[in-house]
Amino acid sequence: MQQHIDSALLQRLASTYGTPLYVYNADHMTAQYERLSQAFTQKKPRFFYASKALTNPHVLRHMHSLGAGIDCSSINEVLMALYAGIPAQDILYTSNGIHIEEIVSAANAGVHINIDSISNLRKFGELYGDSYPVGVRLRPNIMAGGNLKISTGHDKSKFGIPIDQIDQVLAVMAHTGLRIKGLHIHTGSEIKDVSVFIQGVQLLFTLSEKFPHLEFVDLGGGFKVPYMADEQGTDIENLAKSLEDAFALFEKNTGRDVAIWFEPGKYLVSGAGYFVTQVNLIKQTPTVAFVSVNSGFNHLIRPMFYDSYHYIKNISNPQGELKPYAVVGNICETDTFAWDRELNEVREGDLLVFYNAGAYGFEMSSNFNSRYRPPEIMVRNGEPLMIRRREDFTDLTRAIMPIDNT
Ligand code: PLP
């Protein structure tokens, strides 16, 4: 949690645009990007912002203006990046479990591609031979990440080609002439321990001699950001120094120059985001005081999906007495944002703000219960800009075929 937008501005934005409302601090994104890129002094990596975290094209443009490329997980994310004006050579497409046709569409768009299954690698090699070099996503069989649902590199994970099947990658190369220009791993999200990244890169170094056309090693994303005041995130400077040392040794031993690529999502946008809600009602029961806000997991699913913690602040009554509450939503499923949370005394109509709501917040929202998705406001140099309007009923019915009332 750093570089906050102050409560007075959030209150102003809430009265202008209504609630619920997503607010993003572009200056925080800039600061995070600069910290990351400046941590590397000897060997500058290429950063591709993982657009799945927050896909609004205004955000993609902002990231690109900082020097980042855009990492995509679906062909529509590729189209969104192109729509935002990002050139194909700055777009990376890494998907999993998809049909070969989608990879062919990505190739038609001319973007960098990482392929994550033997089946698609073979099909791609048969179609393109040596004319379209690609990266391969490998599964390093390392368990890491904030919780099981966001751990992607372990030996039971569906992601990537298991490292023990590398011979099958080599066989595809031999059979089709396909050139592998990158080795990719993404071990998980919220990885605090720097040694996980080093372990991963060492593994890729041991494989590198099998890949004569190797241009980059892509270490994915997954840096941890702090959610609580006393929590530490990934030590970025330590990570940079350790990686630079590892690469210097590799280069000395092999005489090869291989670039470092990253795909950070959460690190760049999590702390930039605020989700502003309003208290609909307070239900004081014999055991629990429920605070029901005008939202639910239809707008912010992370607490229900993987028990994520969001700091919550009552910006309408910051001096109020601290009391314990259960903060819940207004949809017809259990949608608890926080249990037994101390908040400054909450009154009906107060504004409750959820912090660290920039990553996987709006992006995982839905129209469940036929509710509208909130607007998004981006603040840059203190200037708010609406980058998505609030939905209305026409958005809910846009794809519905006409109803025959005769
Ligand atoms: N790269 C890949 C392949 C991913 O699957 C993800 C997250 O799911 C990311 C990058 C971004 O991870 P994070 O937001 O934790 O940085």
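User: What makes domain 1 and domain 2 separate units in this chain?

Analyst: The model is predicted. Its protein chain is divided into domain 1 (95-264) and domain 2 (270-397). The bounds come from an automatic or database domain assignment. The C-alpha centres of domain 1 and domain 2 lie 35 Å apart. Their contact takes 8 residues from domain 1 and 7 residues from domain 2.

User: What makes the K52 side chain a polar contact of the ligand?

Analyst: The cut-off is a pair of N or O atoms within 3.5 Å. An N or O atom in the K52 side chain is 3.0 Å from a ligand oxygen. The pair therefore qualifies as a polar contact.

User: How do you know that K266 and Y360 qualify too?

Analyst: Apply the 3.5 Å limit again. For K266, a polar backbone atom is 2.8 Å from an oxygen atom of the ligand. For Y360, a polar side-chain atom lies 2.6 Å from a ligand oxygen. Both pairs therefore pass. As for cover, the ligand taken alone exposes 400 Å², and the protein buries 90% of that.

User: Which residues are the closest to the ligand, and how many surround it?

Analyst: The ligand is surrounded by 13 residues. S189, G222, E263, K266 and Y360 are the closest. The shell divides into 3 nonpolar, 5 polar and 5 charged residues.

User: Why is G222 counted as polar and Y360 as nonpolar?

Analyst: The classes go by residue type: Gly is among the polar ones, and Tyr counts as nonpolar.

User: Which pocket does the ligand take?

Analyst: The ligand takes the space of the largest pocket.

Methods
Residues are numbered from 1 along each chain as its sequence is written. This is a predicted model: local features need pLDDT of at least 70, side-chain atom pairs count only at pLDDT 80 or more; totals for chains, interfaces and linings use all residues. Side-chain values use heavy atoms; hydrogens and water are left out. A residue is near a molecule or strand if one of its heavy atoms lies within 4 Å of it. A polar contact is a pair of N or O atoms within 3.5 Å; within protein, one must be able to donate a hydrogen and the other to accept it, and residues adjacent in sequence count only if both atoms are side-chain atoms. Accessible areas come from the Shrake-Rupley method with a 1.4 Å probe; for residues, only the protein chains shown count as cover. On a 1 Å grid over the protein atoms alone, a cavity is a set of points where a 1.4 Å probe fits but cannot get out, and a pocket is an open set with protein on both sides within 12 Å along at least five of seven lines; lining residues have an atom within 4 Å of a point. A molecule sits in a cavity or pocket if more than half of its atoms lie within 2 Å of its grid points. Contact means heavy atoms within 4.5 Å.
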